[in-house]
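Please look over the model below before reading on. The report covers its sheets, its helix packing and some unusual backbone sites.

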Amino acid sequence: MSRSLGWYARRLSRMAPGEVVWRVGDRLRQARWAERQVHPGEAFPPVPGLLTPRVLVGTLPTHVRARVPSDAARRLVAAADRLLAGDWDLLGTPRSDVVDPDWFLDPVTRRRAPDAALAFRIDHRDETVTGNVKSVWELSRHHHLTVLAAAWWLTGDARYAEIVAAQLRSWWASNPFLSGIHWTSGIELGVRLTSWVWVRRLLDDWPGVTDLFEDNPQALAQLHWHQEHLAAFRSRGSSANNHAIAEAVGRLAAACAFPWFAESERWRREASRELERGLAANTFPSGVNRELATDYHRFVTELGLVALVEAEAAGHPLGEGTRTLLARSLDAAAAMLDGRGHPPRQGDGDEGRALVLDDPHADPWLVLLGCGAATLGACDWWPSASPGVMSTLLAEVAPTEAVVNRPAVAPQAFADAGLHILRTPKGEGPEIWCRCDGGPHGFLSIAAHGHADALSVEVRHDGVELLVDPGTYCYHGQPEWRSYFRSTRAHNTVEVDGENQVHEAGPFMWAGHANAVVDGRDVDAGGRQIWTAHHTSYSRLDAALRHAREVVLDGTGARITVTDTFTGSRVHRLRMFWHLGPEVTAELRGAGADLTWAGRDGRVLLAHLELPVALEWTAHRGETQPPLGWYSPRFGARVPATTIVGVGEWSGTIDLRTDLRMPSSATAASAAPTDRSVAVGHDSQ
């Protein structure tokens, strides 16, 4: 047993009695299913309940190719050509073997995950067993195959289709039922099924497609096994987050597009019901995803749009309530973006995609909004999102009507999620954008993708990150880094007595929830936007301990003021953190710092950060023991960035005020260091 008994005890403590019962049932089912394992090299058994004739549902009309924007088509084909040349990366790691991959290789550690062991006996959380399992799984989501299939559909070049066929045959033969790492996680099966649906759809006119799918015993067996597995082992209870949505979408897409089995209609009904319930459970009424991890908001919304189209194409549309929910999620996504179209960085993010039919380098948020506009309609205030390959195809497979009664202006307050955006009006100088976090810790009892970030803020000036959320970086294999990036000290908030706001119980589990509460959001007579919130998560240390924060955006003065008030009944030590963006250079001068960065035109811009004089301030960059001063631009990558830390003690009540004064126009400025300054700038790496 690679995980400690303590981990199992903590995990059990986060489950309701009903969840414990069905998890025991899953274990019993696994024991029964073990005898059904098909080992590599063994003949696949006959597929039960196979129907004839087998016809794909939701084909693409021939005229659609002409509707794909030429630039989007060109970029997609260029991506496919890079792939054929071995120029491909996943989660920040090159995969030069992508044309003929080892499906079990972890390119990070160079370990090889189990390929023949019974899946139920593989601990995918143990890197000594699997390597970095996220890196192993990612290629087998088969997003690269949908890119190749789309390139064939656009060009008719047989090279793309032949590589797709060869890789699918390789994967199917190498991953028989219940053998190896790729049967250990339901979300992987769900996303993979969705990719297979679109590979088959895009290759519909390719001469070899029926030999690859309809008349291929291995393909039919894999389609049946995947759906049977997902129907039997579902993410429920404290695990019913984005995993449950992806599993249901994969089941629904496969059952709708491939109604080739006796169970297909039952699987479709069950998947549709579970998806609609799951989306409602995972989404606040405002449209914000309850995991409070912005990247998963995008992922789940994209999953929902794909499911919407598949159900419509099959003649079994999702309910109006689900359409409205997805429209709200799209509107929330559009409203969160800053003036340059960049999303918040709250909580975990691993760049998950429901489906990839555009250049993988295309901005996934703009792809999402393009798909949303094509299926459910866009609001006038949405940022511009040009049509792409995916948005064009979704709209053509199953045209749907736009959802009406949408917000007339972009919402800035998502009260149920505790998420508020303070921003200056368009056209009044460079945009100042500020995200304030006063919401729940995360979703369900384990809050798997939440961070210990209560009352944290992000601040951007004209799209440049000044005060940042450092991101996620990793999930598996590097526990110290996983803990750091989700810790309180990795966010623009305050740590008390050296502890997280909530105790970490595992890499995807918290021992409790931070209980942040938004007290108000107002605009005063001078037009200043004011947000106030508090939390008492440190009351476990002192029943009287309370942290309150007020954030004021003065757009006229290009200034953000943060006032933190702490109360307690005894002496406590606090550390206040201000994490600067990777483009920002800082010169720390006692209780103040000059911040410089390059504006859009390349000229140097200057801001001043006035810090509470009651604390002692130091600057940190790229430290590893312990980690501090890092920024993760994407999953699997980290770069040094400056973190300014203030340390002090208090008892009773203390008020601490931080002022960030920014340029009110894109004018050049300079900041010459003085003898008292500590300059912290860009690294050469």
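Helices (H or I, at least four residues) and strands (E, at least two) are DSSP runs, numbered from the N terminus. This is a predicted model: local features need pLDDT of at least 70, side-chain atom pairs count only at pLDDT 80 or more, and totals for chains, interfaces and linings use all residues. Residues are numbered from 1 along each chain as its sequence is written, and side-chain values use heavy atoms, with hydrogens and water left out.

**Backbone sites**

Most residues other than glycine have a negative phi, and most peptide bonds are trans. The table lists sites that depart from this.

| Site | Backbone value | Place |
|---|---|---|
| Thr52–Pro53 | cis, omega about -10° | Pro53: loop between α2 (17–33) and α3 |
| Gln625–Pro626 | cis, omega near -5° | Pro626: loop between β19 (623–624) and β20 (627–628) |
| Arg110 | positive phi of about 65° | loop between β2 (93–94) and α4 (127–130) |
| Leu455 | positive phi near 70° | loop between β5 and β6 (457–461) |

Are Arg110 and Leu455 buried or exposed? Buried means under 20% relative accessible area, exposed over 50%, and partly exposed in between (1.4 Å probe, protein chains only). Arg110 counts as exposed, at 58% relative accessibility. Leu455 counts as buried, at 0%.

**Sheets and hairpin**

Two strands pair if DSSP finds at least two bridges between them. An open sheet of five strands runs in the order β3-β4-β5-β6-β7, with antiparallel pairing. β3 (413–414) and β7 (464–467) stand at the edges with a single partner strand each, so one side of each has no neighbour in the sheet. Two bridges link β3 to β4 (residues 419–423). One pairing sets Phe414 against Leu419 in β4.

Helix α14 (residues 320–336) packs on this sheet. The helix touches β3, β4 and β5 (432–437). Contact means heavy atoms within 4.5 Å. The direction of α14 makes about 40° with that of β4. Axes are lines fitted to C-alpha atoms, for helices over the stretch in contact, and angles run from 0 to 180 degrees between N-to-C directions.

Further along the chain, β16 (residues 592–598) and β17 (residues 604–610) run antiparallel, joined by seven bridges. Trp597 stands opposite Leu605 in β17. Five residues lie between the strands of this hairpin, and Gly602 takes a positive phi near 90° there. β17 also pairs with β23 (residues 642–661), in the antiparallel sense, over three bridges. Here Glu610 stands opposite Asp659.

**Helix pairs**

The axes of α3 (residues 70–84) and α7 (residues 158–174) come within 11 Å and cross at roughly 55°. That makes α3 oblique to α7. Angles under 35 degrees count as roughly parallel, over 145 as roughly antiparallel, 65 to 115 as roughly perpendicular and the rest as oblique. The crossing is left-handed, meaning that the near helix is turned anticlockwise from the far one by less than a right angle; a clockwise turn would be right-handed. From α3, Val77, Ala80, Asp81 and Leu84 meet Arg159, Tyr160 and Ile163 of α7. This contact has five nonpolar, no polar and two charged residues. Ala, Val, Leu, Ile, Met, Phe, Trp, Tyr, Cys and Pro count as nonpolar, Asp, Glu, Lys and Arg as charged, and the others, Gly among them, as polar.

How do α11 (residues 242–257) and α12 (residues 264–282) lie, and at what angle do they cross? Their axes come within 8 Å and cross at roughly 150°. α11 and α12 are therefore roughly antiparallel. This crossing is left-handed. Contact residues include Ile245, Val249 and Leu252 in α11 and Trp267, Leu275 and Leu279 in α12. By class, the contact divides into ten nonpolar, five polar and four charged residues.

**Loops and an enclosed helix**

Pro259 lies in the loop between α11 and α12. Pro259 is partly exposed, at 33% relative accessible area. Its C-alpha atom is separated by 7.5 Å from that of Arg54, 205 residues apart along the chain.

Asn289 sits in the loop between α12 and α13 (294–313). Asn289 counts as buried, at 3% relative accessibility. Not counting residues up to four places away in sequence, Asn289 touches Asn282, Phe284, Tyr296, His297 and Val300.

Eight of the nine residues of α16 (residues 389–397) are buried, so this helix is largely enclosed by the rest of the structure. Those buried residues pack against α3, α6 (143–155), α8 (186–202), α13 and α15 (364–375).
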